[in-house]
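This report goes through a few places in one protein model. Please look at the sequence and the structure before reading on.

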Amino acid sequence: MYTIRAEQPSDVEKIREVNDSAFEQENEGKLIAKLRESEAFVEELSLVAETEQQEIIGHILFSRIRIETESGMVDSHSLALAPMAVKPESQNKGIGSALVREGLKRAEEIGYESVVVLGHPTYYPKFGFIPASEKGIKPPFDVSDEVFMVLELDPGALDEVEGTVRYPDAFLEV
Ligand SMILES: CC(C)(COP(=O)(O)OP(=O)(O)OC[C@H]1O[C@@H](n2cnc3c(N)ncnc32)[C@H](O)[C@@H]1OP(=O)(O)O)[C@@H](O)C(=O)NCCC(=O)NCCS
């Protein structure tokens, strides 16, 4: 049994540990620390999965992004889902999926309109993600079409927006 809730200051170190163990490297933990200091950070959308024994076993973060269009940089009320991590011993039990679903629900509730993700093309479609190219949204890096996906929390939100996603600087620094 576990609950999902927004991060608190006392979770910071444990969130880093979850990421270090899931990714087997420190980059994602460092990225989260940098994002936390940036204006892209949305405290309500840094979610942890916590057991009844108060162990943090999963984490997901959504950060604000902008989209560069032909007419300039647009704040399209968009987020990027990244990173997401579940402790190795707790993987494949649905915790990652629960974090995604809860994050999308909360993001919608506080008024965000779309979410992009760079990830596995068989994992994210079940939450409603589609290739971002179908919405005219391009990644800022050279990746194959199906791994860069988007979900409109507000259907049609991206109908008038075409362009390239600009991630927070923290993504370029780690
Ligand atoms: C990706 C991750 C967060 C999923 O968490 P989880 O709690 O195991 O996820 P769920 O139990 O909800 O779902 C498991 C599904 O994810 C799939 N999966 C696990 N890791 C995956 C990966 N790196 N890429 C694609 N699919 C993956 C499993 O095959 C399984 O598929 P199924 O639902 O069709 O059976 C977790 O495996 C993890 O922390 N991995 C290491 C870090 C990472 O790669 N994060 C994602 C990139 S930001």
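The text below covers two serines, one helix and the surroundings of a ligand, all in a predicted model.

**Two serines**

S46 is found in strand β2, which runs over residues 41-51. Is S46 buried or exposed? Its relative accessibility is 0%, and because buried means under 20%, S46 counts as buried. The side chain of S46 makes a polar contact of 2.8 Å with the side chain of H59. H59 also appears among the residues that S46 contacts when neighbours within four places in sequence are left aside. The others in that list are R5, A6, E7, I15, F41, I60 and L61.

S76 belongs to strand β4, a strand that covers residues 72-86. S76 counts as buried because its relative accessibility is 7%, and the cut-off for buried is under 20%. Which side chain does the side chain of S76 join in a polar contact? The partner is S78, at 2.7 Å. Not counting residues up to four places away in sequence, S76 touches I67, E113 and S114.

**One face of a helix**

Helix α2 spans residues 27-36. Its buried residues are E28, G29, L31, I32, L35 and R36. Looking down the axis of α2, these residues fall within an arc of 160°, so they line one face of the helix. What do the buried residues of α2 pack against? They pack against two helices, α1 (12-23) and α4 (170-173), and against the strands β2, β3 (56-69) and β4. Strand β2 is the one that holds S46, and strand β4 is the one that holds S76.

**Around the ligand**

There are 16 residues around the ligand, and V86, N92, G94, G96 and S97 come nearest. The table gives three distances to an oxygen atom of the ligand.

| Residue | Part of the residue | Distance to a ligand oxygen atom |
|---|---|---|
| Q91 | polar side-chain atom | 3.3 Å |
| G94 | backbone N or O atom | 2.7 Å |
| Y123 | side-chain N or O atom | 3.3 Å |

How much of the ligand does the protein bury? Taken alone, the ligand exposes 860 Å², and the protein buries 63% of that area. G94 thus appears twice in this section: it is listed with the residues that come nearest to the ligand, and its backbone supplies the atom at 2.7 Å.

Methods: Residues numbered from 1 in each chain as written. Predicted model: local features only at pLDDT ≥ 70, side-chain atom pairs only at ≥ 80, totals over all residues. Heavy atoms only, no water. Helix = DSSP H or I, 4+ residues; strand = E, 2+ residues; numbered from the N terminus. Buried < 20%, exposed > 50% of the residue type's maximum accessible area, 1.4 Å probe, protein only. Polar contact = N/O pair within 3.5 Å; in protein donor to acceptor, adjacent residues only side chain to side chain. Contact = heavy atoms within 4.5 Å. Arc of directions from axis to C-beta. Near = heavy atom within 4 Å. Areas by Shrake-Rupley, 256 points an atom, 1.4 Å probe, with all protein chains shown as cover.
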